[in-house]
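Subject: Structure handover and notes

Dear colleague,

Here is the structure I said I would pass on to you. Please look it over beside the notes below.

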Amino acid sequence: MVTFDETDLSIEAPERTNICAIVALFCALTGLFLPAMVFGAIGYVETAGRDHETGSGLAVSALILGAIELVAVVLTAVIVLVSMR
């Protein structure tokens, strides 16, 4: 009789970088801070839940850059509005 071992059925999935993390970093580097923060959050959550995907560092850096850009835009707007008085 032939025995069948179910533990050997694991399929090796190649690791790949999360697309949302890549898009988030691209948006952050081009100055699009809102899509960078949205895609960065999505990419970070997706890479945490999937073993075969990498890119959580890209997503975090996009989130940080997006937040810095948002603060810079808000501070610039406040300075311009205050100086117009």
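The notes that follow go from the whole chain to one helix and then to one residue.

This is a predicted model, in which local features need pLDDT of at least 70 and side-chain atom pairs count only at pLDDT 80 or more, while totals for chains, interfaces and linings use all residues. Residues are numbered from 1 along each chain as its sequence is written, and side-chain values use heavy atoms, with hydrogens and water left out.

As for confidence, the average pLDDT (the predictor's confidence in each residue, from 0 to 100) is 90 for the protein, and 87% of the residues score at least 70. By element, confidence is lowest in E2, with a mean of 92, and highest in H1, at 97. Where pLDDT is low, the predicted coordinates should not be read in detail.

The protein has three helices and two strands, taken as DSSP runs numbered from the N terminus (helices: H or I, at least four residues; strands: E, at least two), and their order along the sequence is β-α-α-β-α. Of the 85 residues, 21% are buried, where buried means under 20% relative accessible area and exposed over 50%, with partly exposed in between (1.4 Å probe, protein chains only). Among contacts (heavy atoms within 4.5 Å) between residues at least 6 apart in sequence, 65% join residues at least 24 apart.

Helix H2 covers residues 33-49, and its 17 residues should span 24 Å at 1.5 Å a residue (the expected span being 1.5 Å times one less than the number of residues), which agrees with end C-alpha atoms 24 Å apart. Its buried residues are Phe33, Ala36, Gly40, Gly43 and Thr47. Seen down the axis of H2, these buried residues fall within an arc of 85° (taken from the directions from the helix axis to the C-beta atoms), so they line one face of the helix. Leu34, Val45 and Gly49, on the other side of H2, are exposed. The cover over the buried residues of H2 includes helix H1 (19-30), strand E2 (53-54) and helix H3 (56-83).

Glu53 lies in strand E2 and counts as buried because its relative accessibility is 7%. Its side chain makes polar contacts (N or O atoms within 3.5 Å, one able to donate a hydrogen and the other to accept it; residues adjacent in sequence count only if both atoms are side-chain atoms) with the side chain of Asn18 at 2.8 Å and with that of Arg50 at 3.3 Å. Leaving aside neighbours within four places in sequence, Glu53 is in contact with Arg16, Asn18, Glu46 and Thr47.

Best regards
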